[in-house]
Amino acid sequence: MHNANTVIVLDFETTGLSPEMGDRAIEIGAVLIEDGVITDRFQRLMNPGKRVNSFIENYTGITNDMLQDAPPVAEVMQEFAEFMGGYNLVAHNASFDQRFLRAELKRLRRNCDNPFSCSMLASRRIYQTAPNHTLSGLVEYKNIPTDGIFHRALADAEMTAKLWLALLDDIASIYKVSACSFTVMQQLTTIPKRSVPNFFQKLSLKPH
């Protein structure tokens, strides 16, 4: 699981922006990529134990009526922890999803030590001429097929997975780096944009 083309790509929909302020997850969607191929999916609504406001209802399309009969967050997150296993994780704007994943698992007294990488930060370095680096903007920029649904967890996870695979393909094509490791993708997100060509040049010169 060291290769960047074997990962779980995930996305949360939530009651707000901050688990530290009491916001909770209301939906999770995840896609398992193995050797560059999507092989499995996970999607669940979950009842956060409180009502969501009208902004979140309108933004996500997830209503209080839909959540009323959904299983509690704890039950869903136990399921997802089993699905997640020890895989490396990817999300678009990963710091957001990482905070919620850790917060919800902490409520279950479970740690989340899985390494994370961010498709948004990677895209900023590989697609520097893109008009923006939102998920919908990058999907349009790369002409990734979509059903037009955004802000539902599984749809966003699917689009992020396709974007992640496009990033790996373009890195291989532009910088002649095949079989990019997950660690390299993590490192990529931390370097200055101007340093990207040099970063991959040094990588290609390393003995394999």
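In what follows, Ala, Val, Leu, Ile, Met, Phe, Trp, Tyr, Cys and Pro count as nonpolar, Asp, Glu, Lys and Arg as charged, and the others, Gly among them, as polar. The model is predicted, so local features need pLDDT of at least 70 and side-chain atom pairs count only at pLDDT 80 or more, while totals for chains, interfaces and linings use all residues. Residues are numbered from 1 along each chain as its sequence is written, and side-chain values use heavy atoms, with hydrogens and water left out.

A good place to begin is the largest pocket (an open set of points on a 1 Å grid over the protein atoms alone, where a 1.4 Å probe fits, with protein on both sides within 12 Å along at least five of seven lines). Its lining (residues with an atom within 4 Å of a point) comprises 24 residues, and D11, Y59, F96, H151 and D156 lie nearest the centre. By type, the lining holds eleven nonpolar, nine polar and four charged residues.

Helix α3 (helices are DSSP runs of H or I, at least four residues, numbered from the N terminus) covers residues 73-84. Its end C-alpha atoms are 16 Å apart, which agrees with the 16 Å expected for twelve residues at 1.5 Å a residue (1.5 Å times one less than the number of residues). Buried residues (under 20% relative accessible area, 1.4 Å probe, protein chains only) of α3 are V73, V76, M77, F80, A81, F83 and M84. These cover an arc of only 160° around the axis (taken from the directions from the axis to the C-beta atoms), which puts them on the same side of α3. After α3 comes G85, with a positive phi near 50°.

Definitions and conventions: Helix = DSSP H or I, 4+ residues; strand = E, 2+ residues; numbered from the N terminus. Buried < 20%, exposed > 50% of the residue type's maximum accessible area, 1.4 Å probe, protein only.
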